[in-house]
Amino acid sequence: MVSRIASFRLLSLSLLLPLLASCSSTKEAPPPRVSQVPPPTIQTVQNLPKESTPQRISTPPAALRARLFELWREFPGTTGIAVQRIDGDWTLSHRGNQYFPQQSVSKLWVALTLLDKVDRGEISLNDPIQIGPDDLTLFHQPLATRVRREGGIVESAGTLLDLAITRSDNSANDALLRHAGGPRAVRRFIDRNNLGRIRFGPGERLLQSQIAGITWRQNLSSGRAFQAARARQPIEQRRAALNAYLADPIDGASPEAIAMALTRLARGELLSPESTKLILDTMGRTRSGPRRLKGGVPAGWGFLHKTGTGQDLPPVSTGYNDIGIMTAPDGTRYAVVVMLGDTTASIPQRMTLMQRVSRAVADNHGR
């Protein structure tokens, strides 16, 4: 049995090397295709193998500790920050153990669950997945245009994984979620790997309708039908639903738990080497949030990430997040998490906060 699984992995790897990222626009369903695969708290983390361990530092830089506290204290709203030195021994956090709405950050757990099943030989990134009008979700879903024009499409799991992470396509992600076994499968992956304070919600449609205080109907997936239905809700009903979500987010996660999960992913502790490389490379091509954490990362550093953005009920915005891995020129890596549960700050102010956090990490590297 072991040799069969090993052979399967070698075969899967050979199939994943080329990337076919283009999308067909013909009426006939295209054949499946595969994406390119190539006070703060201080915690002790597991050692890396000696040959790949940069200089070990047992305590965080005092200047970084002070800077993060200043940024956290001055920003309006409920803010969570966590920074973990992946190649070292420390974590700094503020509100690090509190649950924050994840929104599209949770797409990462869907991707990891799917790739874990690939590693186990249960599914393949070549598997065809059909998406029809009844499978569409809401908000950002670039695939919806093709689905409506063609009446339905078929894409490989690998292609949908690429779209879900790099473009944060909600319909691509929900299709992957179904293929991976649904929310229960994601929760089992989180529990089996002891990822801690990370929840996974019921899927995009039910999550967003619950936040808005309305009942999901499939016709709400068309155009701005959801936004129109939400606007017709009495404002007090909307506010009550949003406040209930913020108080106990069904898709909540703590900044420290996410930072630790990113650390374990980077160390190769969650997936096979092939799947680890694939998901990290994919996160490195994320298009959303170029002016969030990424905007403060200096030239010469590497950065890969996943963003999340929740609903607004003016003057409050919710679930504005960015999580990622910064890599210094010397190879030292940091998991960086900034989550805004609710805030009245403008979008430029939110992006500036995130940029200042990533810049602070870089400025204090090696101290």
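What span should the 13 residues of helix 2 have at 1.5 Å a residue, and how far apart are its end C-alpha atoms? Keep in mind that this is a predicted model. Helix 2 covers residues 62-74, and the expected span is 18 Å. The end C-alpha atoms are 18 Å apart, which agrees.

Now, which residues of helix 2 are buried? They are Leu64, Leu68 and Leu71. Around the axis these leucines cover an arc of only 65 degrees, which puts them on the same side of helix 2. The general rule fits here. An α-helix has 3.6 residues a turn, so residues three or four places apart point the same way. Turn helix 2 over, and the face away from the buried side carries exposed Ala62, Arg73 and Glu74. What covers the buried residues? The cover includes strand 1 (78-85), strand 2 (91-94) and helix 13 (347-363).

Next, helix 10. This helix runs over residues 235-247 and has 13 residues. From first C-alpha to last, helix 10 reaches 18 Å, close to the 18 Å expected. Its buried residues are Arg238, Ala241, Leu242, Tyr245 and Leu246. Seen down the axis of helix 10, they fall within an arc of 135 degrees, so they line one face. On the other side, Glu236 and Ala247 are exposed. The buried residues of helix 10 pack against several elements, among them helix 8 (204-212), helix 9 (225-231) and strand 10 (333-343). Strand 9 is also one of those partners.

Strand 9 brings us to strand 7. Strand 9 is residues 316-327, and strand 7 pairs with it in the antiparallel sense over seven bridges. Gly302 stands opposite Thr327 of strand 9. Is strand 7, residues 302-308, mostly covered or mostly open? Mostly covered: six of its seven residues are buried.

Last, the cores. In soluble globular proteins, nonpolar side chains tend to be buried together. Here the largest nonpolar core has 58 residues. Which residues have the most contacts inside it? Ile258 and Ile279. Helix 3 (residues 107-119) gives the largest share of this core, eight residues. Look at Ile258 in detail. Leaving out residues up to four places away in sequence, Ile258 touches Gln102, Val105, Trp109, Ile198, Ala253, Ile323, Val337 and Met339. Apart from the largest core lies another, of 27 residues. That second set includes Trp90, Ala328, Val336 and Ala360.

That's the tour.

Notes. Residues numbered from 1 in each chain as written. Predicted model: local features only at pLDDT ≥ 70, side-chain atom pairs only at ≥ 80, totals over all residues. Heavy atoms only, no water. Buried < 20%, exposed > 50% of the residue type's maximum accessible area, 1.4 Å probe, protein only. Helix = DSSP H or I, 4+ residues; strand = E, 2+ residues; numbered from the N terminus. Pairing = 2+ DSSP bridges. Expected span 1.5 Å × (residues − 1). Arc of directions from axis to C-beta. Contact = heavy atoms within 4.5 Å. Core = buried A, V, L, I, M, F, W, Y, C linked by side-chain atoms within 4.5 Å.
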